Amino acid sequence: MAQEYRVLLEHADKINPESAADYVKVGGYKGLEKARSMNPKDLTEEVKKSGLRGRGGAGFNAGMKWSFVPQYPETKYVVCNFDEGEPGTYKDRIICQKNAQALLEGMAICGHAIGSNNGYIYCRGEYPFVVEMLKKAIGNAKESGALGEFNIEVRMGAGAYVCGEETALIESIEGHRGEPRFKPPFPGVEGLWRMPTVVNNVETFACLPYILTNGADWFAGIGAKSYPGTKVLTLTGDIENPTYFEVPTDYLLRDVIYELGGGVKGGKKLKAVQVGGTSGAFIPPQNIDTPIDFDSMSAIGAALGSGAVFVMDESRDIVDTINRIAKFFEHESCGQCTPCREGTHRCKEIMEKINTGRGTLKDIENLKVLARVMQKASLCGLGQAAPIPITSTLEHFEYEYLRKLM
Amino acid sequence: MANYMDIIASCKDKPGGIIEAFHAIQKEYNYIPEEALREAARAFKVSEAQAFGVATFYSYLSVKKRGKYIIRMCESAPCHVAGADEVLKALEANLGIKAGETTEDGKFTLELTECVGQCQATPVVTINSEPVFNVKPEMVPGLLAGYK
C-alpha cells in the first residue's frame, strides 16, 4: 500500500484556490449546505462520530472540543490556527495554496455547529503571500454567497513560534505579546476577548467539508481506527523526494521514507528520523515499521505532531543537530514561565558544551534532570516538549553523546 | 511614502489591530520608528511600554532601523543539515557585516531566522519575505547583485 490517498489535495493544481466557483465544480460547499440543514447538536455529534482528531499536534477529538462551547453567549469565535512554525512543516501552506476554499468551508461548518458568524485565520508572518491569497479567496467566497452570513478575517502573526499554542495565538489576535494563558478556563469557554472560542488547525477544518459530504462513517473508515482520515506529511532532510504527501493514517513510517520519499538520499543508510517537527522525538531505524497515526507514534515514544518528517542519514552528527534544536527553543521560549525560560537556556548551554567537546557525564545527568523539570513544570507545550529531542536521543543515540565527552 | 499617522488610523477600528498596524508601518518603513510606536500606543489606548513590549516580542517586528532589503537566513534543523552555516558565512563575507547588522549604505540588513516554511528546498533565504530556494555559498554574489 505504497499509494498516496488524496482527499484534501485531490484537486491540487487543477482548481484555483481563490475561486469559489472552481471549488463548487469539484463538489465544494456541499458539506456546508448539508451542515446547515442539520441542527447544531446533531452536526457536532456527526463530527464527533467521524473520529476527526486535531491535526495541529495535540490530537484532541474535534467534535468533543466543539461540544465544550456553551450555547448561551451571543458572541463566539471560530479561529483557525495557521501559525505552523514547527521547523520542517509546511503542510498548512500547501493545503491553503491548493485548496483554500475547503478551509473556509470547514470554518463555516464549525460556525454553524457552535452558533458563530465570526471567523479569524491567524496566519504566520512568514507567509505574507498566502495572506493575500486567502483574502482574495474569502472575498470571492463571500461574493458568491457560499459562506452566507459567516465572516472571516485574516490576521498575520509576526514570527513567534509560541503563538502556535492556542491561548498565545488568542493573545496575539488581541494585539498583545503572545504569552500563553493559564488553563483552565479553556478557550472553548473563555477564549478570544474572553468569549467562547474554538481554535482548530487548518488541516482539521479542511477535513470537515469531506466528512459532511461523504458521511462520518466514510471518514471513520479511512486509515487508523483511533485517528482516522488522511494526514498531509512534509518530507525534509536527507531524502530523495523532499516534498509533501497525503496518506491514510495507518501508513507505515517506513513506506513514507522508502516508497513515497524514494529512500535516503544518495542510497545512504538511515540514522534517525524525527517526526512531528523540531519538538518531536528522534526515531531509530528499528522503530520505523510503525503506522504514522497519533497513538502508534505515542506507543514508540514519538509524536505525529504536525506531520513533518525529517530524515537524517548515517553521516549526520546527532549531537550537533540537537545543539541546533536547543538553540531554537531558547530563541522561541516566550520567557513567561521560569522552567521554560531558564530550562531552554540551560539546555542550550549544556548542549553547546557537549558539542564542543567540553562536556562530562555530569552534564548528561543534569540534562536528564532538567528535562524532567521542564516536562512537568512548564506552563505550555513549548517548554514541555522542548527536551523531547534531547531525551529521545539520549535513549537511542547515547553513544553519540558519550564519544563527544571530555 | 504613506504617513504613519494614516496607516495607524486605517487600522484603529480593528480590535487588537496594533500588530496589523505594526506590519503596515514596517511595509513602508522596514521598521517601526519611535514616533510611530508612540502614535500607535495612543491610537490603541495602551501605554507606550505595552506597545514597545508587543513590538519587541515578535521577531519579525523591529524597532531598530533596517536596510532596504532584509535578508533572513533560516537556521532551523532542515536548513542546518543542508549547509545553512556555509551560506551564512558567504552572506556575511559578501555583505561585510555580521548577522543582525545593516550595511553602511543602508541597502541590506542580515538577520537569522527560524523556519520559514519552505523546507522542500533547503537551505532557504528570504529577501523581503520572498523565499530563495536551495541556496549555495557560490550563488550568493549573483543573488545580491540582483538587488539594486
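Biologist: Which strands of chain B make up the open sheet, and in what order?

Modeller: Four strands, ordered β2-β1-β3-β4, with mixed pairing. A strand here is a DSSP run of E with at least two residues, while a helix is a run of H or I with at least four, numbered from the N terminus. Keep in mind that this is a predicted model, where local features need pLDDT of at least 70, side-chain atom pairs count only at pLDDT 80 or more, and totals for chains, interfaces and linings use all residues. Residues are numbered from 1 along each chain as its sequence is written, with chains lettered from A and ligands numbered from 1 in the order in which they are written.

Biologist: How do you know that β1(B) and β2(B) pair?

Modeller: Two strands pair if DSSP finds at least two bridges between them. Six bridges join β1 (residues 69-74) of chain B to β2(B), so they count as paired, and they run parallel. One of the bridge partners is B:T109 in β2(B), matched with B:I70.

Biologist: Why are β2 (108-113) and β4 (130-132) of chain B called edge strands?

Modeller: Because each pairs on one side only.

Biologist: What makes you say helix α6 (residues 84-95) of chain B packs on the sheet?

Modeller: Contact means C-beta atoms, placed from the backbone, within 7 Å. Helix α6 of chain B touches β1, β2 and β3 (125-127) of chain B, so the helix packs on the sheet.

Biologist: And how many residues does each chain give to the contact between chain A and chain B?

Modeller: Chain A gives 40 residues and chain B gives 28 residues. On the side of chain A, the largest share, six residues, comes from α12(A).

Notes. Contact = placed C-beta atoms within 7 Å. Axes fitted to C-alpha atoms, helices over the stretch in contact; angles between N-to-C directions.
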